[in-house]
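Colleague: Could you show me how to read a protein model, one feature at a time?

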Amino acid sequence: MNKINPTTCVATSNLKIDIPDNQGRNIVLYFYPKDDTPGCTIEGNDFTRLNDDFAANNSVIYGVSRDSIASHEKFINKFNYTIDLISDEDESLCKQFDVLKLKKMYGKEHIGIVRSTFVISPDGDILKQWDKVKVDGHAEEVLDFIKAL
């Protein structure tokens, strides 16, 4: 997939998010498995810590999971995130970006989100994609990519 199908999503802060961005910014869209779990919390903390740097480089960050808006709001408030989270309860965004995969946990198989990040231009082009993301240092790596654009 090189270009995304334009879509509008529901996010925290009572936002409707247009993808691609209708304000001319790049979008950093990071998919994560579940609110308030260790790796997802670290990733959210890292992107929040660098949020001003992304904004200074004409980019906006959105986290995406299948959790509800209510769950997202609790998660944001608990950790004081300055980024918004998109609720993809119907999995339409997850399916468009092909991040739902068969996973194993404690010997049981289930379909879940594979941690992935996409940088999307204002024209809807996917400029960069990371699959099976390891959290440590990832937000910095994405920022380095954005700065090099």
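**Reading the model step by step**

Modeller: Let's begin with a single residue: at 0% relative accessibility, Phe-118 counts as buried, because buried means under 20% relative accessible area. Keep in mind that this is a predicted model.

Colleague: Where does Phe-118 lie, and with which residues is Phe-118 in contact?

Modeller: Phe-118 lies in strand β8, residues 116-120. If we leave aside neighbours within four places in sequence, its contacts include Ile-27, Val-28, Leu-29, Phe-31, Phe-97 and Val-99. Sequence distance and distance in space are separate things to look at. Phe-118 and Val-28 are 90 residues apart along the chain, yet their C-alpha atoms are separated by 5.8 Å.

Colleague: Now the whole chain, please. How many helices and strands does it have?

Modeller: The protein chain has five helices and nine strands. In sequence order they give the pattern β-β-β-α-α-β-α-β-α-β-β-β-β-α. The radius of gyration is 14 Å, close to the 15 Å that the globule rule gives for 149 residues, so the chain is as compact as a globular protein of that length.

Colleague: What percentage of the residues count as buried?

Modeller: Of the 149 residues, 46% count as buried. You can also ask how far along the sequence the contacts reach. Take the contacts between residues at least 6 apart in sequence: 61% of them join residues at least 24 apart.

Colleague: How should I read aromatic rings?

Modeller: Look for rings whose centres lie within 6.5 Å, then check the angle between their planes. A search of the whole structure finds 11 aromatic pairs. One of them joins Tyr-30 and Tyr-32, at 5.7 Å centre to centre with 35 degrees between the planes. That pair counts as tilted because its angle is neither under 30 degrees nor over 60. Tyr-30 and Tyr-32 are both buried.

Colleague: Which pair links distant parts of the chain?

Modeller: Tyr-32 and Phe-75 form a tilted pair, 6.2 Å centre to centre and with 40 degrees between the planes. Tyr-32 sits in the loop between β3 and α1, whereas Phe-75 is in helix α3, 43 residues apart. Both Tyr-32 and Phe-75 are buried. These two also belong to one aromatic cluster, together with Tyr-30, Phe-47, Phe-54, Phe-79 and Tyr-81.

Colleague: What should I look for in the backbone?

Modeller: Check the peptide bonds and the phi angles. The peptide bond from Ile-19 to Pro-20 is cis, with omega near 5 degrees, and Pro-20 is found in the loop between β2 and β3. As for phi, Asn-80 has a positive value of about 55 degrees although it is not a glycine. Asp-98, also not a glycine, has a positive phi near 55 degrees.

Colleague: Are Asn-80 and Asp-98 buried or exposed?

Modeller: Asn-80 counts as exposed, at 60% relative accessibility, and its place is in the loop between α3 and β5. Asp-98 counts as exposed at 51% relative accessibility, and its place is in the loop between α4 and β6.

Colleague: Which residue could I use as an example of partly exposed?

Modeller: Try Asn-57, which counts as partly exposed at 27% relative accessibility. Asn-57 lies in the loop between α2 and β4. Leaving aside neighbours within four places in sequence, Asn-57 is in contact with Asn-26, Leu-143, Ile-146 and Lys-147.

Conventions
Residues numbered from 1 in each chain as written. Predicted model: local features only at pLDDT ≥ 70, side-chain atom pairs only at ≥ 80, totals over all residues. Heavy atoms only, no water. Helix = DSSP H or I, 4+ residues; strand = E, 2+ residues; numbered from the N terminus. Rg over C-alpha atoms; globule rule 2.2 N^0.38 Å. Buried < 20%, exposed > 50% of the residue type's maximum accessible area, 1.4 Å probe, protein only. Contact = heavy atoms within 4.5 Å. Phe/Tyr/Trp six-rings, centres within 6.5 Å; stacked < 30°, edge-to-face > 60°.
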